[in-house]
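Please read this report alongside the sequence and the coordinates. It moves from the packing of the interior to a metal site and then to a single loop residue.

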Amino acid sequence: MKIFCVGRNYADHAKELGNAVPEEPVIFMKPKTALWQSNTPFYYPEFSNELHYEIELVLRISKNGKYIPENQAENYYDAISIGIDFTARDIQAELKKKGLPWEKAKAWDNSAIVADWMPLTEELLRNPIHFSLLNNKETVQVGNSTDMIFSFNKIVSHISNYFSLNIGDMIYTGTPAGVGECVVGDVLEGYFEQQKMFELEIK
Ligand code: MG
């Protein structure tokens, strides 16, 4: 199983971190060990002093493929959820400054949170999807899938030009504006439309 992530897929978020709006999807990966198991505690990473949440819509790949045309991409994913692409922003800033890869900031153990999967219905595919993140009961991020720079189909097609996609692979599709810092004791709650999908306390 592979975990793909799209960076800067919402213009407002790209701007808030001082990045240009990309001309093609920015892709990075997390290893399998990055996936947090919901029955275990989530610990603040000891190497960072600036942990950021990034709430994102996550897709699950349902069919193996490579060089998938955009107009057929819809046949390659069948489930959706929300999750957090946790980021050690201080580490990332340092790496970016030096032009180095992001893995130490993005791909560490438990940095990928994903809630339960929901079947991706025709209705979900054809309508805007709203999602949000609360920190200590206060809304900190609100997303709308129609604000994505690159659509689900574009992302799947683009990734498949470089990497084989396999059943069970996941794609974090980018975070909207409002990313921010969280500290030990914070309680994060993710909502997909009106439905609460996860609650996580930072230990
Ligand atoms: Mg992200």
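## Core packing and the magnesium site

Leaving aside residues up to four places away in sequence, V156 is in contact with L59, I61, I68, A73, Y76, Y77, L165 and I171. Apart from the core to which V156 belongs lies another one, made up of 11 residues, among them C5, F28, W102 and A112. The model discussed here is a predicted one. Its largest nonpolar core comprises 47 residues, and within that core F86 and V156 are the residues with the most contacts.

The magnesium ion takes its protein donors from E54 (OE), E56 (OE) and D85 (OD), which lie 2.0 to 2.1 Å from the ion, and in sequence these donor residues follow the spacing E-x1-E-x28-D. The table lists the relative accessibility of two of these donors together with that of S111, a residue that touches D85.

| Residue | Relative accessible area | Class |
|---|---|---|
| E54 | 3% | buried |
| E56 | 0% | buried |
| S111 | 0% | buried |

S111 sits in the loop that runs between helix 3 (103-106) and strand 7 (112-114), and it counts as buried because its relative accessibility, 0%, falls under the 20% cut-off. Its side chain reaches the backbone oxygen of W108 at 2.8 Å. When residues up to four places away in sequence are not counted, S111 touches K30, A34, I84, D85, F86 and K106, a set that includes the magnesium donor D85 as well as F86, one of the residues with the most contacts inside the largest nonpolar core.

Conventions. Residues are numbered from 1 along each chain as its sequence is written. This is a predicted model: local features need pLDDT of at least 70, side-chain atom pairs count only at pLDDT 80 or more; totals for chains, interfaces and linings use all residues. Side-chain values use heavy atoms; hydrogens and water are left out. A nonpolar core is a set of buried Ala, Val, Leu, Ile, Met, Phe, Trp, Tyr and Cys residues joined through side-chain atoms within 4.5 Å. Buried means under 20% relative accessible area, exposed over 50%, partly exposed in between (1.4 Å probe, protein chains only). Contact means heavy atoms within 4.5 Å. Donors are N, O and S atoms within 2.8 Å of the metal (3.2 Å for Na, K and Ca); water is not among the atoms, so sites may look incomplete. Helices (H or I, at least four residues) and strands (E, at least two) are DSSP runs, numbered from the N terminus. A polar contact is a pair of N or O atoms within 3.5 Å; within protein, one must be able to donate a hydrogen and the other to accept it, and residues adjacent in sequence count only if both atoms are side-chain atoms.
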